[in-house]
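This briefing goes through selected helices and a sheet, grouped by topic, and is meant to be read alongside the displayed coordinates.

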Amino acid sequence: MPSSQPKVLRWLLARGAALQFMHTVLSKRKLSPNVTRLDVLAERIAAIRLPGQFVIVRRGDGAERIPLTIADSDEKAGSITLVIQAVGKSTRELVALDPGEVIQDISGPLGKPTELAEAGHALCIGGGVGTAVVHPIAQGLFRRGVRVTSVIGGRSKEWVIFEEELRRLGEVVVCTDDGSYGRKGFVTDAAKDLFAAGGVNVVYAIGPVPMMRAVAGLTRPLGIHTIVSLNPVMVDGTGMCGGCRVSIGGETKFACVDGPEFDGHKVDFDLLWDRLGTYRKHEEHSLTRHEEACRIGLQKPEGY
Ligand code: FAD
Ligand code: FES
Ligand code: MG
């Protein structure tokens, strides 16, 4: 636990129980050039969350609602861990928060918990921020006594995250695109070798769509059950808006209530990829306006 955490908690508790319902940022740590870890007060969620579940976060009045995986939790401290890749306006606003500042709304835990293997050898594959998303799954498997091997990757050493946390749960193979750390190449190259060695019963793959599609392509002919976590645009997170529709084995499913994890061999990755680009123009516009606001001092820039 970061050393600043108990101090912040003591400070909060000294100011009364009502504050416990506010989602105060307890600690913040930059994990890679664009990924930040925030430990946030959310007692009820910390007590009941399960691997694979996520929250919908709204920074403040008028802000967008965005889904983020619960990467870890500390029931004693009443906190959940959010690992955020700053890709657009809402994520940049979140990573600009400092300890003591507050996230207005956090709804959850949402989504179906991971279908955890009972025994055997599980391969947990994480690409980019997907490494933090795969962490609670690896944790759940480890707690059941399943052998866990994690294969994680980044473009270079400084982009590799959650290595230490995953090492506590089993063997870790690190891959970097440029070979600056661990093995040179993609996570799929390392996974191929592990499949060739044999003994892998189940695969959990989380990361960019092309990576999850490639892993599913490798395991399909081998008949290895493969679970992926889909990231369509979500709004309400409760099955009401239909924004997160995905196609699984030819059937329409809502990722927020039926997922976000699905059988990777049944996912229509082409449709998912197309739908992810639907709002790209609006997102670019929103980011440009956010950057302008930061420049003229109306908002805090990332890392402020
Ligand atoms: P924008 O510029 O608005 O969008 C950038 C891209 O992010 C879009 O092209 C789209 O692909 C995606 N996106 C935008 N809005 C949404 C939305 N409302 N819902 C889903 N995707 C959106 N990211 C993390 O960094 N860490 C996590 O732990 C994490 N967990 C996720 C869990 C789930 C179940 C899902 C569906 C997504 C998760 N994401 C996570 C992705 C994260 O929600 C988006 O990166 C974020 O919403 C982008 O918002 P933005 O305004 O900063 O970027
Ligand atoms: Fe609205 Fe899933 S986010 S239905
Ligand atoms: Mg956005």
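The model is predicted. The points below take up helix H6, then helix H4, and finally an open sheet of five strands.

**Helix H6**
- On one side of H6, which covers residues 187-197, Val 187, Ala 190 and Ala 191 are buried; viewed down the helix axis, the buried residues fall within an arc of 100°, so they line one face of the helix.
- Asp 193 and Ala 196, on the other side of H6, are exposed.
- The packing partners of the buried H6 residues are strands S9 (121-127), S10 (147-154), S11 (171-176) and S12 (183-184), together with helix H7 (209-219).
- Gly 198, just after H6, has a positive phi of about 85°.

**Helix H4**
- Of the 14 residues of H4, 11 are buried, so the helix is largely enclosed by the rest of the structure; among them are Val 133, Val 134, His 135, Pro 136 and Ile 137.
- At 1.5 Å a residue, H4 (residues 130-143) should span 20 Å, and this agrees with its end C-alpha atoms, which are 20 Å apart.
- Just after H4, a positive phi of about 90° is found at Gly 145.

**The open sheet**
- The strand order is S5-S6-S2-S1-S7, with antiparallel pairing; S5 (72-74) and S7 (102-103) stand at the edges with a single partner strand each, so one side of each is left without a neighbour in the sheet.
- Strands of a sheet pair through backbone hydrogen bonds, in either a parallel or an antiparallel sense.
- Three bridges join S5 to S6 (residues 79-85) in the antiparallel sense, and Ser 73 has Ile 80 in S6 as its bridge partner.

Terms used: Residues numbered from 1 in each chain as written. Chains lettered and ligands numbered in written order. Predicted model: local features only at pLDDT ≥ 70, side-chain atom pairs only at ≥ 80, totals over all residues. Buried ≥ 20, exposed ≤ 12 C-beta atoms within 10 Å, placed from the backbone. Helix = DSSP H or I, 4+ residues; strand = E, 2+ residues; numbered from the N terminus. Arc of directions from axis to C-beta. Contact = placed C-beta atoms within 7 Å. Pairing = 2+ DSSP bridges. Expected span 1.5 Å × (residues − 1).
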